[in-house]
Amino acid sequence: MRDYPLYLAPMEDVTDPAFRALCKRYGADRVYTEFVNADALVRDIASTTRKLTIHDAERPVAIQIYGREPEAMADAARIVEQAHPDFIDINFGCPVKKVAGKGAGAGLLRDVPKMMAITRAVVDAVHTPVTVKTRLGWDEPSLYLPDGTPFIVDLAERLQDLGIRELAIHGRTRSQMYRGEADWTLIGAVKNNPRMRIPIIGNGDVCTPERAKECFDRYGVDAIMIGRATFGAPWLFAEMKGLPAPKTMAEKVAVLKEHVLASIVWCGNDERKGIIHSRRHFAASPVFKGLPDFKQTRIALLRAETVEEVFRIMDYIVDTYA
Ligand SMILES: Cc1cc2nc3c(=O)[nH]c(=O)nc-3n(C[C@H](O)[C@H](O)[C@H](O)COP(=O)(O)O)c2cc1C
C-alpha cells in the first residue's frame with residue numbers, strides 16, 4: 001500500500017524538542033527544528049547553538065538554517081553537521097521583513113543566482129543530505145516565466161541539479177505571507193514534471209485527514225508537511241494516519257499538560273517561561289474551540305503563570321465540558 005508520510009513543519013519558537021517529541025510519538029514521520037540563523041551560528045551565539053539540540057528518539061530530524069551569504073551558510077552547515085541531523089534543510093521561504101527584506105529566506109526568490117550559489121555552497125560543504133523548503137515565488141506577477149513555465153517548476157529543476165535530496169514547497173508566494181489559500185496546483189505541477197526525480201513535499205493549509213488524503217491523491221506529492229494545525233494538537237498525525245490517538249477531552253488535556261511540563265524543562269526549568277512558551281498551543285488548541293461561555297476561562301488560562309494554576313483551570317474545563 002502507498003505510504004503517506006507526514007512531516008512536522010519547521011516553526012520558529014514552536015518546533016522545539018519538547019513539541020517535536022510529542023509529534024513524533026503521535027506518528028510524525030519527520031520533524032524539523034525551527035530555522036537557525038547562519039551568522040549567529042558562525043558567531044557561536046549560545047541562544048542559537050541551543051537550537052541545534054536534537055535527540056535520537058525524534059529521528060529522522062532536519063535542522064533548518066537560513067542566511068544570505070553562501071560562505072556563511074556553508075560554514076553554518078558544517079557546524080550543524082556536527083549535531084548529526086538526518087537532513088540539513090535550507091530555508092528559502094520565510095516571508096517576514098527582518099528575514100526576506102534582508103535577502104535571506106523568501107528574499108532569495110528574487111535573486112535566484114544567489115539562491116543557487118547558497119545551495120551549491122551548502123551541498124558542497126557537508127555529507128549530510130541537504131533539502132530545501134521554499135514558496136511558489138516572490139509574488140503573483142512572478143509566478144510564471146515569460147515562456148509560460150511556472151517559476152517554481154523551473155526553480156525545482158535547478159535545485160535538483162545542484163544535488164538537493166528533497167524539496168518542500170509551501171503553496172503561497174512571499175507577498176501572500178500567510179494570507180489567502182495555499183495553491184496546491186503549482187505544487188502538483190512540480191511533482192508531475194517528468195524531469196523531477198527527488199521527492200516533493202507539499203505544504204500549506206492541510207488541517208484534516210480528509211484534506212491530507214486529497215492532497216496526496218490529487219497532487220501525487222511524496223510527503224505532506226503540516227504546520228499550524230498541529231498547535232495544541234500533536235496527535236493530529238495519528239488522527240490522519242488512523243493510529244491510536246487521544247480521543248476524549250480528558251485524554252487530550254493530559255497531553256497538553258505533558259507538553260507544558262516538557263516546555264518548562266526546555267526553558268531551563270523556568271516555570272513561568274515554559275508556560276508562556278506553551279501558551280500559543282493552549283490558545284490555538286482544537287480542544288478549547290467552540291466551548292460555550294468559555295471566554296473568561298480562556299482568559300484565565302492564557303494568563304496563568306504557574307503549573308498549579310494552569311492545571312487547575314484545565315481540570316475545571318474537563319469537569320465542566322467533558
Ligand atoms: C509561528 C510560525 C513559525 C514559522 N517558522 C518557520 C521556520 O522557522 N521555517 C520555515 O521554513 N517555515 C516556518 N513557518 C512556515 C511553516 O513551516 C509552514 O510553511 C506554513 O505555516 C504553512 O503550513 P501550514 O498551513 O500547515 O501552517 C512558520 C510558520 C508559523 C505559523
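How many residues of domain 1 are in contact with how many residues of domain 2? Before turning to that count, it helps to know that the structure shown here is a predicted model, and that its chain is divided into domain 1, covering residues 6–241, and domain 2, covering residues 249–321. The answer is that 12 residues of domain 1 are in contact with 14 residues of domain 2. On the side of domain 1 that touches domain 2, 10 residues are nonpolar, one is polar and one is charged. The centres of the two domains, taken over C-alpha atoms, are separated by 29 Å.

Looking at the chain as a whole, one finds 14 helices and eight strands. The chain is as compact as a globular protein of its length, because its radius of gyration of 20 Å is close to the 20 Å that the globule rule gives for 322 residues. Buried residues make up 45% of these 322 residues, and the C-alpha trace spans about 60 × 45 × 35 Å along its principal axes.

One pair of helices can be followed in detail. Helix 1 (residues 17–25) packs against helix 11 (residues 249–266) at an angle of about 145°, and their axes lie 8 Å apart. Helix 1 contributes Pro17, Ala18, Phe19, Ala21 and Leu22 to the contact, while helix 11 contributes Val255, His259, Ala262, Ser263, Val265 and Trp266. Sorted by class, this contact holds nine nonpolar residues, two polar residues and no charged residues.

The ligand offers another place to look, for 21 residues lie around it, and of these Ala9, Met11, Phe35, Gly227 and Arg228 come nearest. The shell around the ligand is made up of nine nonpolar, seven polar and five charged residues.

How values were computed. Residues numbered from 1 in each chain as written. Predicted model: local features only at pLDDT ≥ 70, side-chain atom pairs only at ≥ 80, totals over all residues. Axes fitted to C-alpha atoms, helices over the stretch in contact; angles between N-to-C directions. Helix = DSSP H or I, 4+ residues; strand = E, 2+ residues; numbered from the N terminus. Contact = placed C-beta atoms within 7 Å. Nonpolar A, V, L, I, M, F, W, Y, C, P; charged D, E, K, R; others polar. Near = placed C-beta within 6 Å. Domains from an automatic or database assignment. Rg over C-alpha atoms; globule rule 2.2 N^0.38 Å. Buried ≥ 20, exposed ≤ 12 C-beta atoms within 10 Å, placed from the backbone.
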